[in-house]
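Got the viewer open? Let's take a walk through this one, stop by stop, with something to select at each.

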Amino acid sequence: MSETVHSNPAASEPTEPKAARRAVPVWLLVLLFLLIYWGFIYFDQRSGWCSPVVYGPYHSAEEVDLYQYKVEGPDPANGRAAFEKYCSLCHNTDGAGKPGQAPPLAGSEWVNAAGVNRLIRIPVLGLTGQIEVNGKPYDFPAGMTPIAASREAIPDKDLSDILTYVRQAWGNKGAPVTLEQVKAIRDEVANRSTQLTVKELKELPETK
Amino acid sequence: MNYGPLVFLAAFFALATSWVGFVLGPQLQVGQFQPTNTVPTRADYPVARPGLARQGLDVYRANGCAYCHSQQVGQTGTVCDVSLGEAGTNQAALTAVILKLRPDWSETQAKEALGSLPKAVLQSVSLAQAQAAVKELAVGGAKASVWVVPVGPDIGRAWGKRRSVAEDFLYDYPVMPGSLRVGPDLANVGARLPDANWAFRHLYAAQIDAKGSVMPRYPYLFEQRKIDHSPSPEALTSLQQFAPPSGYEVVPTEEARALVAYLFSLRADAPLYVAPLTVASAPATDTNAAAGTTPTNAPAK
């Protein structure tokens, strides 16, 4: 080892390499473009656009919706769920009513009536006065609250489902209540804000 | 390093992209999840695990169960069955419709099917085919319905009825979906465990009921103690070669009880909007049946 090498080690080595500019090959650009194109198509077809309701093997929210439980016309299963949410607090889940709160629905002549012109008005307007059900008089000081007073509270579809359920459960044998019937009566009484009285109810025709 | 800023920007861009993809994206997608409802019975879902089962989750975690057991059921597709509910009045017309739908059936078979309603007339067909069949049956005067049936290898192994979804894990912390399947998937183990004693015995020594199982024993979740006066009603039975010496009994500790309560609480098969599945027909008239738990007119398999 000589002194000169130690003092200047870089003298005999090549200079440090430097990166220079060089054009990107055209084929690489084309390949990248094709990959991105394929990636977007794949995303569009399979991702459901990151919707939280889309899990594999479904590809889109529309496809998930196709497989949903659907029933043509009034759906007593949905009616049952809604009844248990809104009505069963007073009328009980078995439709027997509760002492001091509400009369029974099971076997009630008001529920099983051939026409539903009277029945639909009761949840929409509420009811006050002494009412006779199954031969027994019921009178509650505050009457029934108009639980379905607005379409925001209970939409027409839910109300027709509830009433259909009530007319078909617990041994009741009434015909289904259609969406059109509910809609017509709600439109008719839209401007009324007072409770229906039993006297008025009796004066109404059963069918319209 | 004459391109220092460029290298920095490239590295920053790469890290930022993966952060957006793996952290921010999932957070935006499922971070705000709220409890949902089952469809169509509208029961609350998920239900928080009861106290002992919640403690069992910690035992499950502490013993590393998730290293060998997954808790996620996969689903590769969804098929439909057509279930015939009511035959209506015109039997001859309906038989003709059924024979058209099922060319492989003889007329006797079609009539037999009508005699044993509700009956699955078509199985494992696409949604469009099923809906078309329901319409044709309706023309024949019958009432039929489409049953949505998820399929896949995991569902074929009876590990679940539908795929696992994020909603299933909403109340679990930490979520332990697992990634290895040395043992079977446990997402629905609560639905198939025979009884608590079986579960305790399985934890004490899995080899008793599952010959050749590689599951380790967890004897420290149990206490072997001397029988005092009379045996405890909680003592494990049928321990075979793992039975304690005469005069001793094996009883589960609080940890084992919590773990078994947790295992029984593992059940993710409720039908949800995001994971459609038909479990029972609409309870139209019979409201005394348990809501949506027992299939009342499941298609005959």
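Before the first stop, one rule: a salt bridge here is a side-chain nitrogen of Lys or Arg within 4 Å of a carboxyl oxygen of Asp or Glu. Keep in mind, too, that what you see is a predicted model.

**Stop 1: a bridge between chains**

Select B:Arg42 and A:Asp158 and show their side chains. They meet in a salt bridge, at 3.5 Å from N to O. Now turn on the cartoon: B:Arg42 sits in the loop between β1 (36-37) and β2 (44-45) of chain B, while A:Asp158 belongs to helix α7 (residues 156-168) of chain A, so this pair joins two chains. In general, side chains of opposite charge can pair when their charged atoms come close.

Is each partner buried or exposed? B:Arg42 is partly exposed, with a relative accessible area of 28%. A:Asp158 counts as buried because its relative accessibility is 13%, and the cut-off for buried is under 20%.

**Stop 2: the whole interface**

Stay where you are and widen the selection to everything in chain B that touches chain A. You should pick up 31 residues of chain B, in contact with 27 residues of chain A. The area buried between the two chains is about 2600 Å², and carbon and sulfur atoms give 56% of that.

How many salt bridges does the rule find across this interface? The count is 1, and the pair is A:Asp158 with B:Arg42. The rule also finds 8 residue pairs in polar contact across the interface, with both residues at pLDDT 80 or more.

Next, color chain B's side by element. Those giving two or more residues to it are β3 (77-86) and α5 (127-139) of chain B. The most comes from β3(B), with 3 residues. Recolor by residue class and that side shows 17 nonpolar, 10 polar and 4 charged residues.

**Stop 3: salt bridges inside chain B**

Over all chains, a search of the whole structure finds 25 salt bridges. Here are a couple within chain B.

Select B:Arg49 and B:Asp172. Their closest N and O atoms are 2.8 Å apart, in a salt bridge. Trace the backbone from each: B:Arg49 is in the loop between β2 and α2 (51-62) of chain B, and B:Asp172 is in the loop between α6 (153-156) and α7 (189-192) of chain B, so the pair ties together parts that lie 123 residues apart in sequence. Both B:Arg49 and B:Asp172 are buried.

Then jump to B:Asp269 and B:Arg267, whose closest N and O atoms are 3.2 Å apart in another salt bridge. B:Asp269 counts as buried, at 12% relative accessibility, whereas B:Arg267 is partly exposed, with a relative accessible area of 46%.

**Stop 4: a network in chain A**

Switch to chain A and select A:Arg151, A:Asp156, A:Lys183, A:Arg186 and A:Asp187 together. Salt bridges with shared partners join these residues into one network.

**Stop 5: backbone oddities**

Hide the side chains and look at the backbone. Most residues other than glycine have a negative phi, and most peptide bonds are trans. The next four spots go the other way.

- A:Gly56 to A:Pro57: this peptide bond is cis, with omega near 5°. A:Pro57 is in the loop between α2 (26-46) and α3 (61-66) of chain A.
- B:Tyr45 to B:Pro46: here is a cis bond with omega near -5°. B:Pro46 lies in the loop between β2 and α2 of chain B.
- A:Asn92: phi is positive, about 70°, although the residue is not a glycine. Find A:Asn92 in the loop between α5 (88-91) and α6 (117-125) of chain A, partly exposed at a relative accessible area of 24%.
- B:Ala158: phi is positive here too, near 65°. B:Ala158 is in the loop between α6 and α7 of chain B and is exposed, with a relative accessible area of 53%.

**Last stop: confidence**

Finally, color by pLDDT. Chain B has a mean of 87, with 92% of its residues reaching 70 or more. Which helix of chain B has the highest confidence? Helix α9 (residues 254-265) of chain B does, at 96, while helix α4 (residues 107-115) of chain B is lowest, at a mean of 84. Now select residues 282-301 of chain B: the pLDDT is below 50 there, and the stretch has 36 contacts in the model beyond near neighbours in sequence. For the model as a whole, the scores are ipTM 0.78 and pTM 0.73.

How values were computed. Residues numbered from 1 in each chain as written. Chains lettered and ligands numbered in written order. Heavy atoms only, no water. Contact = heavy atoms within 4.5 Å. Buried area = accessible area lost by both parts, 1.4 Å probe. Polar contact = N/O pair within 3.5 Å; in protein donor to acceptor, adjacent residues only side chain to side chain. Helix = DSSP H or I, 4+ residues; strand = E, 2+ residues; numbered from the N terminus. Nonpolar A, V, L, I, M, F, W, Y, C, P; charged D, E, K, R; others polar. pLDDT = per-residue confidence, 0-100. Buried < 20%, exposed > 50% of the residue type's maximum accessible area, 1.4 Å probe, protein only.
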